[in-house]
Amino acid sequence: MDLSTLGTETRNERTAELDRMPVSELLTVMNAEDQTVALTVREALPDIGTAVEAITESLRRGGRLIYLGAGTSGRIGLLDAVECPPTFGTAPEQVVGLLSGGPGAFIVAVEGAEDEPARAIADLDEIGVNERDTVVGLAASGRTPYVIGGLKHAATRGAVTVSVACNRDALVSRYADIPIEVPTGPEILTGSTRLKGGTAEKMVCNMLSTASMVRVGKVYGNLMVDVRATNNKLVDRAQRMVAQATGADPDTAAEALTAAGGHAKTAIVMLLTGATAEEAARRIEQAHGDTRTAAGQA
C-alpha cells in the first residue's frame, strides 16, 4: 500500500508554515483542527453503538474487552483498560490492553514491533482469547500488521472483532466484524497521529468502555457506584455518591459505606431497601450487579 495516499499521512496545507507561526497562531490552528475530531467521531456513532452491544454481551457472558494496538494506538487502549478496575470495579483481567512489544513498550518504543503479526497471535494466545471475548484492534493508519494479524487470529478463536481506524476504507476494516472508521484527515504535524488520530481513538475507547459498563450495571444514574475507594479522595467521593443516590445525610451515608466494606453500590442498596450489608450484597448478586434491580426500582 502507498502510505502517502492515507489521509493521516497527507500534508496539512493549513499548517505548511507551522515552523514560522507565532505560538498564539500555532495553538489557534491546533485547537481548530482538534475541534473537527468530535464531529468525525459523531459520524461513526452507529458503528460504535454496535460495538458497545457486542462488548456488553461479551461481559455479560463472562468474556472480556481486549484492546490490541501498537505505538500510540496501543498505549491508548492500554490506558483505557487500566482505568477500568478503579473506575468500575472490574477484575484486572476483564478489560485487557495488549501493546505490541509488551507493557515495557508503553514507556520505551520497541522499534518494528508493529510490523510483526506473529506477536499479536502470541499475545492473544497467552491470554487465551476465545469465543466469549470482543477484540478491538486500534490502528490510526488502518493498516498496522500487528493489529491485522491479531484480528484475523481472534476471529479463528470465535471472538467478535472490532477495528478502529482514522482513515476511510482502511485495510484493517476488512478483518473486523464491526469496523469503525473516524477519518481525522491530515495532522498539523504531518503523520503525527498522536494528535488528532490519538484524540479520536481516545474518544472511541472512552465510549466503548464507559457505555458497556453502564449497560452491565456498573453505573447508577450517572454515579460510578462500583468505584474502589482506595484513597481519601475516593472515600469522600463514595460517601457523596451514597448520599446523592439515596438522599441520606452525610453521616448516615458514611456509616452505611463503612458497614458495606467501602462498596458504594452495597451501601446504596442497603439504604434504599433497609437491608443489611449481607442482604444487599445478595440482592446485587441476584440482580447480576444492576443497582436498580437490586433496589427494586427496575
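I will go through the overall make-up of this protein, then its sheet, and finally the surroundings of helix 10.

Let me say at the outset that what we have here is a predicted model, so everything I describe is computed from that model. The protein has 298 residues, of which 47% are buried, and its secondary structure comes to 11 helices and five strands. Measured out along its principal axes, if I may put it that way for a computed value, the C-alpha trace spans about 65 × 50 × 35 Å. If we take the contacts with a separation of 6 or more, 65% of them are accounted for by residues 24 or more positions apart.

Now to the sheet. The five strands form an open sheet with parallel pairing, and the order across it is 2-1-3-4-5. Strand 2, residues 95-99, and strand 5, residues 178-181, stand at the edges, and because each has a single partner strand, one side of each is left without a neighbour in the sheet. On average, and with direction ignored, neighbouring strands are turned by 15° against each other.

Let me take the pairings one at a time, starting from the edge at strand 2. Strand 1 and strand 2 run parallel and are joined by five bridges, and in this pairing Leu-65 stands opposite Val-95 of strand 2. Helix 3, residues 71-88, packs on the sheet, where it touches strand 1, strand 2 and strand 3, and its direction makes about 155° with that of strand 2.

Moving on, strand 1, residues 65-69, also pairs in the parallel sense with strand 3, again over five bridges, and here the bridge partner of Leu-65 is Thr-134. Leu-65 thus has Val-95 opposite in strand 2 and Thr-134 as its bridge partner in strand 3.

How covered is strand 3? Strand 3, residues 134-139, is mostly covered, with six of its six residues buried. Thr-134, Val-136 and Leu-138 point one way from the strand, while Val-135, Gly-137 and Ala-139 point the other way, and all are buried.

Strand 3 pairs in turn with strand 4, residues 160-165, in the parallel sense over six bridges, and Val-136 has Val-162 as its bridge partner in strand 4. Between these two strands the chain crosses through helix 5, residues 145-156, and this β-α-β crossover is right-handed.

I turn now to helix 10, residues 277-286. Which of its residues are buried? They are Ala-277, Ala-280 and Ile-284, and because they cover an arc of only 65° around the axis, they lie on the same side of helix 10. As a reminder, an α-helix has 3.6 residues a turn, so residues three or four places apart point the same way. On the other side of helix 10, Glu-278, Glu-285 and Gln-286 are exposed.

The buried residues of helix 10 pack against helix 8 (250-259), helix 9 (264-273) and helix 11 (291-294). For the pair of helix 9 and helix 10, the axes come within 8 Å and cross at roughly 105°, and these two helices are therefore roughly perpendicular to each other. In this contact, Lys-265, Thr-266, Val-269, Met-270 and Thr-273 from helix 9 meet Ala-277, Ala-280, Ala-281, Arg-283 and Ile-284 from helix 10. Finally, just after helix 10, His-288 takes a positive phi of about 55°.

Conventions
Residues numbered from 1 in each chain as written. Predicted model: local features only at pLDDT ≥ 70, side-chain atom pairs only at ≥ 80, totals over all residues. Heavy atoms only, no water. Buried < 20%, exposed > 50% of the residue type's maximum accessible area, 1.4 Å probe, protein only. Helix = DSSP H or I, 4+ residues; strand = E, 2+ residues; numbered from the N terminus. Pairing = 2+ DSSP bridges. Right-handed = clockwise from strand over helix to strand, strands pointing away. Arc of directions from axis to C-beta. Contact = heavy atoms within 4.5 Å. Axes fitted to C-alpha atoms, helices over the stretch in contact; angles between N-to-C directions. Parallel < 35°, antiparallel > 145°, perpendicular 65-115°, else oblique.
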